[in-house]
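Colleague: Could you take a close look at one part of this model for me, the nonpolar core and what sits around it? I'd like one connected walk through it.

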Amino acid sequence: ISLGLRVARPEYANHVHHRYAPGLHHLAWRAVSRDAVDALHHLLVESGIPVLDAPAHYPEYSTTYYAVFFEDPDGMKLEVLHEG
């Protein structure tokens, strides 16, 4: 089965993701609890991974939205959230 995947071109090896350029802004995953979000935050800080926004409640998304935002080595914004 061919999935039509392509190999990255060498000229883009040092390309950094720009979340406000056309395309993907960020990726998000759901956590099982607020404690899991907090535990991930602790691990991110301990590992020296850039945290964009520490765990917080985001009522503008929903009344129970709690999330941490961080960045991968390519500059991609990532999010782990708990709602409930």
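Modeller: Strands here are DSSP runs of E, at least two residues each, numbered from the N terminus. By that reckoning, Leu-27 belongs to strand β1, residues 26–30. Keep in mind that this is a predicted model. Leu-27 is partly exposed, at 34% relative accessible area, and it joins Leu-24 and Trp-29 in a nonpolar surface patch with about 280 Å² of accessible area together.

From there, step inward through Leu-78, which is in contact with both Leu-27 and Trp-29, and also with Val-68, Phe-69, Phe-70 and Asp-72, leaving aside neighbours within four places in sequence. Leu-78 is part of the largest nonpolar core, which has nine residues: Ala-31, Val-37, Leu-44, Tyr-66, Val-68, Phe-70, Met-76, Leu-78 and Val-80. At least two of these come from each of α1 (34–47), β3 (65–71) and β4 (77–83), and β3 gives the most, with three. Another core lies apart from this one; it has five residues, including Tyr-65, Ala-67, Phe-69 and Leu-81.

Now for a polar side chain: His-82, in strand β4. With a relative accessible area of 15%, His-82 counts as buried, because the cut-off is under 20%. A polar atom of the His-82 side chain lies 3.2 Å from the backbone oxygen of Ala-31. Again setting aside neighbours within four places in sequence, His-82 is in contact with Ala-31, Val-32, Ser-33, Arg-34, Val-37, Thr-64, Tyr-65 and Tyr-66. Among those, Ala-31, Val-37 and Tyr-66 are members of the nine-residue core.

Key
Residues are numbered from 1 along each chain as its sequence is written. This is a predicted model: local features need pLDDT of at least 70, side-chain atom pairs count only at pLDDT 80 or more; totals for chains, interfaces and linings use all residues. Side-chain values use heavy atoms; hydrogens and water are left out. A nonpolar core is a set of buried Ala, Val, Leu, Ile, Met, Phe, Trp, Tyr and Cys residues joined through side-chain atoms within 4.5 Å. Buried means under 20% relative accessible area, exposed over 50%, partly exposed in between (1.4 Å probe, protein chains only). Helices (H or I, at least four residues) and strands (E, at least two) are DSSP runs, numbered from the N terminus. Contact means heavy atoms within 4.5 Å. A polar contact is a pair of N or O atoms within 3.5 Å; within protein, one must be able to donate a hydrogen and the other to accept it, and residues adjacent in sequence count only if both atoms are side-chain atoms. Patches are made of residues with over 30% relative accessible area and no salt bridge: like charges are joined within 9 Å, nonpolar side chains (Val, Leu, Ile, Met, Phe, Trp, Tyr) within 5 Å. Accessible areas come from the Shrake-Rupley method with a 1.4 Å probe; for residues, only the protein chains shown count as cover. A salt bridge is a side-chain nitrogen of Lys or Arg within 4 Å of a carboxyl oxygen of Asp or Glu.
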